[in-house]
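Work through the exercises below with the sequence and the 3D structure open. Try each task before reading its solution.

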Amino acid sequence: VSMIAASALEIAESLSRIARQSELPWGGMRVIVVGDFAQLPPVTRTGQKREWTFESPTWQQSGFQVVELTHSHRSFDQDFLDVLKDVRVGKVTDIVKQYLSSRMMEHDESDDITRLFPRRDQAEYLNQKKLSQIHNPEVRIPSIYIGESKLVEALKRNSPIADEIVLKVGCQVLFLQNDPQKRWVNGTRGTVVEIHPEKIVIEKETWRHVTVEKTQFSLQDATGKTVASVINFPLTLAYATTIHKSQGSTLDDLWVDLSRLWEPGHAYVALSRLRLGSGLRLLGWSHRSIMADSAVLKFYQNLKN
């Protein structure tokens, strides 16, 4: 819910009342929303004012019962968790300074560990550079779109799948979804072993080989009907991605530059992708990059009160 703008929440609630022909909040449905507002704010059309859902009248009318989850299932590294706790609320404490400074390293471009960048063009540049260094034939796999052009364009803005996936045998890739059979999760890394028209064989970092087939990512309307779809392999090059797109991923190692970030939660999202702090390789960091939105801090303080 932290990634949803207030206006979107209001529209969803209004449509629920219309669909169920009831003036009760959400038409009388039980609604569960999950998220952390201390992460990156929702992207708005204007790109200016942040539309936090908890500031909307709809949030108040919904009467949500708040449950705060306090146990981390991603990381059991207590020193690292202590740093994340401060970064999450925008505090640059002595512990944070010492920890981040100790993880500063000279950039090793030959290292294939994933890089997180604040901007998409930075990630795309490095991905293509690393791919060009592999001396195997390039395979281009275009995405298949289904639906009206206007709806397809809306899907393209939100889908993790690119218009075209470009791979080579031997390249590093990341999975973009959780597998129902639990063979991989969003963020699992591997190496392409074989490429076929309808399947790709990936060697995971655990040395296990898995076969990946094309999947469908869909855009649905208010009734749950699929109105646009994109079909392709749930894969992307693993050398670099944006901090925004990394949300939801779990990584064992990463390179990241925290020296010129501009969004509240930017640094926290990047760092909290890791299982262990030992996997962190910092290219740089700045006090000004570690920030939290004042409205979010007030929201969580009110919960405690």
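**Exercise 1.** In this predicted model, how much space lies in the second largest pocket, and which residues are closest to its centre?

Solution. Start with the volume: the second largest pocket holds about 1,800 Å³ of space. Next, go to its centre. The pocket is lined by 45 residues, and the closest to the centre are D36, E68, L69, R88 and Y268. Then sort the lining by character: 21 residues are nonpolar, 14 polar and 10 charged. Last, look at the helices. Helix 3 (78–88) and helix 8 (294–304) each give at least two residues to this lining, and helix 3 has the largest share, with 7 residues.

**Exercise 2.** How many cavities of 30 Å³ or more does a search of the whole structure find, and which residues line the largest cavity?

Solution. The search of the whole structure finds 1 cavity of that size. The largest cavity encloses about 30 Å³. Its lining consists of F37, A38, Q39, W52, R88, P264, G265, M291, A292, D293 and V296. Sorted by character, the lining has 7 nonpolar, 2 polar and 2 charged residues.

**Exercise 3.** What is the order of the strands in the open sheet of 5 strands, and which strands are at its edges?

Solution. Strands of a sheet pair through backbone hydrogen bonds, in a parallel or an antiparallel way. In this sheet the order is 8-7-6-5-11, and the pairing is antiparallel. Strand 8 (209–213) and strand 11 (235–237) are the edge strands, each pairing on one side only. From one strand to the next, the twist averages 45°. Now take one pair: strand 6 (residues 189–195) and strand 7 (residues 199–204) are joined over 5 bridges in the antiparallel sense. G190 has K204 of strand 7 as its bridge partner.

Technical notes. Residues are numbered from 1 along each chain as its sequence is written. This is a predicted model: local features need pLDDT of at least 70, side-chain atom pairs count only at pLDDT 80 or more; totals for chains, interfaces and linings use all residues. Side-chain values use heavy atoms; hydrogens and water are left out. On a 1 Å grid over the protein atoms alone, a cavity is a set of points where a 1.4 Å probe fits but cannot get out, and a pocket is an open set with protein on both sides within 12 Å along at least five of seven lines; lining residues have an atom within 4 Å of a point. Grid points are joined across faces, edges and corners, and a volume is the space filled by probe spheres set on the points. Ala, Val, Leu, Ile, Met, Phe, Trp, Tyr, Cys and Pro count as nonpolar, Asp, Glu, Lys and Arg as charged, and the others, Gly among them, as polar. Helices (H or I, at least four residues) and strands (E, at least two) are DSSP runs, numbered from the N terminus. Two strands pair if DSSP finds at least two bridges between them. Axes are lines fitted to C-alpha atoms, for helices over the stretch in contact, and angles run from 0 to 180 degrees between N-to-C directions.
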